[in-house]
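Colleague: I have a chain to look at before I go back to the bench. Could you take me through it?

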Amino acid sequence: QVQLVESGGGLVQAGGSLRLSCVASGRTLSPYVMGWFRQAPGKEREFVAAINWSGGSPYYADSVKDRFTISRDKAKNTVYLQMNSLRPEDTAVYYCAARQTLVNLYAYWGQGTQVTVSS
């Protein structure tokens, strides 16, 4: 089992920045891919970014590329999502998730953190 706890959400004006954190616990994360997803009211959950805990290049949804950065701190067992140049359409509940590297299904999810961007 992997437990995930997000934090860092809040209210920010358009053009501002936020950094989300996701602390993971429960087992070693070496064979896992860590991802961020979001869900806006009335919309389906969508992929935002992901990174392999063991290394390699992160990847992003086109809508956030060049604005958001995903990173990990192995010493702190934490994954971050740095969000810059925020837009009102980035408003959503953001979720941290984990999946095993060779399994294309995110099995573990955090409780989510609300991000609201005002215009």
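What follows is a short exchange about this predicted model.

Colleague: How many helices and how many strands are there in the protein chain?
Modeller: From the N terminus on, every element in the run is a β element: β-β-β-β-β-β-β-β-β-β-β. The count for the protein chain is therefore zero helices and eleven strands.

Colleague: What is the radius of gyration of the protein chain, and how does that value stand against the globule rule?
Modeller: The C-alpha trace spans about 40 × 25 × 25 Å along its principal axes. For 119 residues the globule rule gives 14 Å, and the chain comes close to that, so it is as compact as a globular protein of that length. The radius of gyration is 13 Å.

Colleague: What share of the residues of the protein chain counts as buried?
Modeller: A residue counts as buried when its relative accessible area is under 20%. The accessible surface of the chain comes to about 6200 Å², and 49% of that surface belongs to carbon and sulfur atoms. Of the 119 residues, the buried share is 42%.

Colleague: Which cysteines does the disulfide join?
Modeller: A search of the whole structure finds one disulfide. Its S to S distance is 2.1 Å, which is within the 2.5 Å cut-off. The disulfide joins Cys-22 to Cys-96.

Colleague: How many residues apart in sequence are the parts that this pair ties together?
Modeller: Cys-22 belongs to strand β3, residues 18-25, while Cys-96 belongs to strand β9, residues 92-100. The pair therefore ties together parts whose separation in sequence is 74 residues.

Colleague: Is the disulfide left-handed or right-handed?
Modeller: The torsion about the S-S bond of Cys-22 and Cys-96 decides this, and its value is about -75°. The disulfide is therefore left-handed.

Colleague: Are Cys-22 and Cys-96 buried or exposed?
Modeller: Cys-22 has a relative accessible area of 1%, and Cys-96 has a relative accessibility of 0%. The cut-off for buried is under 20%. Cys-22 is therefore buried, and Cys-96 likewise counts as buried.

Colleague: Which residues does Ser-21 touch, leaving out those up to four places away in sequence?
Modeller: Ser-21 lies in strand β3. At 14% relative accessibility, Ser-21 counts as buried. With residues up to four places away in sequence not counted, Ser-21 touches Val-5, Glu-6, Ser-7, Trp-36, Thr-78, Val-79 and Tyr-80.

Colleague: How far apart do the centres of the positive and negative side chains lie?
Modeller: The protein chain has 12 positive side chains and 8 negative ones. The distance between the centres of the two sets is 7 Å.

How values were computed. Residues numbered from 1 in each chain as written. Predicted model: local features only at pLDDT ≥ 70, side-chain atom pairs only at ≥ 80, totals over all residues. Heavy atoms only, no water. Helix = DSSP H or I, 4+ residues; strand = E, 2+ residues; numbered from the N terminus. Buried < 20%, exposed > 50% of the residue type's maximum accessible area, 1.4 Å probe, protein only. Rg over C-alpha atoms; globule rule 2.2 N^0.38 Å. Areas by Shrake-Rupley, 256 points an atom, 1.4 Å probe, with all protein chains shown as cover. Lys, Arg positive; Asp, Glu negative; His and termini not counted. Charge placed at Lys NZ, Arg CZ, Asp CG, Glu CD. Contact = heavy atoms within 4.5 Å.
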